[in-house]
Amino acid sequence: MKLHFLGTGSGMPSKQRNVSGLALILPKQTWLIDCGEATQHQILHTTIKPRKVSAVWITHLHGDHVFGLPGFLSTRSALDGKDPLTLYGPRGIKQWLELTLKLTGSYLGYDLTIVEYEDGDTFEQDGHLVTVRKLAHRFPSYGFRIEAPARPGTLLVDKVRALGIPSGPIYQTIKQADTFEFAGKTYASKEYVTESVRGAIVAILGDTTPCENAFVLAQAADVLVHEATFMQGESKLARQYGHSTTVEAARLANEAGTGRLIVTHISARYQGREAEFEAEVVSGFADSHVATDFSEFIVGD
């Protein structure tokens, strides 16, 4: 998996940071996580193809996370996107989007399925398992734990050859089937293949203050994407507006045993103070990164 940040600012766009938008690049498909105003403009500066987007996941209905959605969906249609798309969001997104498309006379030339999730829901999309949990914001906001499928184990070639089995299609059968036959005998495949490898896990949180569900989503994740709207010196403002600080994001990464922390949703008040902001994040969790628009990160191997 690869994370490609399209917007890393909070509230409203600035010259340095657009509002929330994130692409998750999968082996054969692309997902969008939130789609703030001008997300499709940001996509124009990347190699992302709108017609390859198979799912959009919305963390919450604040405008800086959804106002780019009608435009993106319409552009996907105009670019001859024919494959179905699934939109996942909190209650209310179906009414808002369908009314917007209707009143603007927008036509989508593909099947759009809208799923309104609830706290605790799980979904399988493009072979990936997604768990949804409600967070603690001043408006209903959610986070996602995305687990890639496990990778098959490696064939123990020397052990297979010891049975007298030459190279050929049977090697693939051994890796994929529970049993295989050779020379009139049946063997258990697990004895000739290493254990499967756990797929990469990424936790992506919407706007939130520290809460238990954030820990549940982030536990042992390879990458945690966490908002850090404010530095610790503005912790009172963070609490007033339902956001987290740099220190709180780093604390969660430590407590949850996260491999890497990437912070986003950063207030424009820190323009010109980027080094100070980053230093506060890294001091709390060594493998930390401050996302910028168009930055990319690999999740897993």
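**Pocket, cavity and strand β5**

User: How much space lies in the largest pocket?
Analyst: The model is predicted, so local features need pLDDT of at least 70 and side-chain atom pairs 80 or more, while totals for chains, interfaces and linings use all residues. Residues are numbered from 1 along each chain, and side-chain values use heavy atoms, without hydrogens and water. For the largest pocket (an open set of points on a 1 Å grid over the protein atoms alone, with protein on both sides within 12 Å along at least five of seven lines), the volume, as filled by probe spheres set on joined points, is about 350 Å³.

User: Which residues lie closest to the centre of the largest pocket?
Analyst: The lining (residues with an atom within 4 Å of a point) of the largest pocket comprises 21 residues. Closest to the centre are Ser10, Gly11, Met12, Thr229 and His243.

User: Which element gives the most to the lining of the largest cavity?
Analyst: The structure holds 1 cavity (points where a 1.4 Å probe fits but cannot get out) of 30 Å³ or more, and the largest cavity has a volume of about 150 Å³. Its lining has 18 residues, with Ser20, Asp34, Ile204, Leu205 and Thr264 nearest the centre. Two or more residues come from each of β1 (2-7), β2 (21-25), β3 (30-35), β12 (201-205) and β13 (223-227). The element that gives the most, with 3 residues, is β13.

User: Which strands stand at the edges of the open sheet?
Analyst: Pairing requires at least two DSSP bridges between strands (DSSP runs of E, at least two residues). The mixed sheet has 7 strands in the order β6-β5-β4-β3-β2-β1-β16. Two of these have a single partner strand each, so one side is left without a neighbour in the sheet: β6 and β16 (296-298).

User: In what sense do β5 and β6 pair, and what is the handedness of the crossover between them?
Analyst: β5 and β6 (residues 112-116) pair in the parallel sense over 5 bridges, with Gly89 opposite Glu116 in β6. From β5 the chain passes through helix α4 (residues 93-103) to β6, and this β-α-β crossover is right-handed.

User: Which residue of β5 is the bridge partner of Trp57?
Analyst: β4 (residues 53-57) pairs with β5 in the parallel sense over 3 bridges. Ala55 has Thr86 as its partner in β5. For Trp57, the partner is Tyr88.

User: How many residues of β5 are buried?
Analyst: One side of β5 carries Leu85, Leu87 and Gly89 and the other Thr86 and Tyr88, all of them buried (under 20% relative accessible area), so that both faces are covered. β5 (residues 85-89) is therefore largely enclosed by the rest of the structure, the buried count being 5 of the 5 residues.

Terms used: Buried < 20%, exposed > 50% of the residue type's maximum accessible area, 1.4 Å probe, protein only. Helix = DSSP H or I, 4+ residues; strand = E, 2+ residues; numbered from the N terminus. Right-handed = clockwise from strand over helix to strand, strands pointing away.
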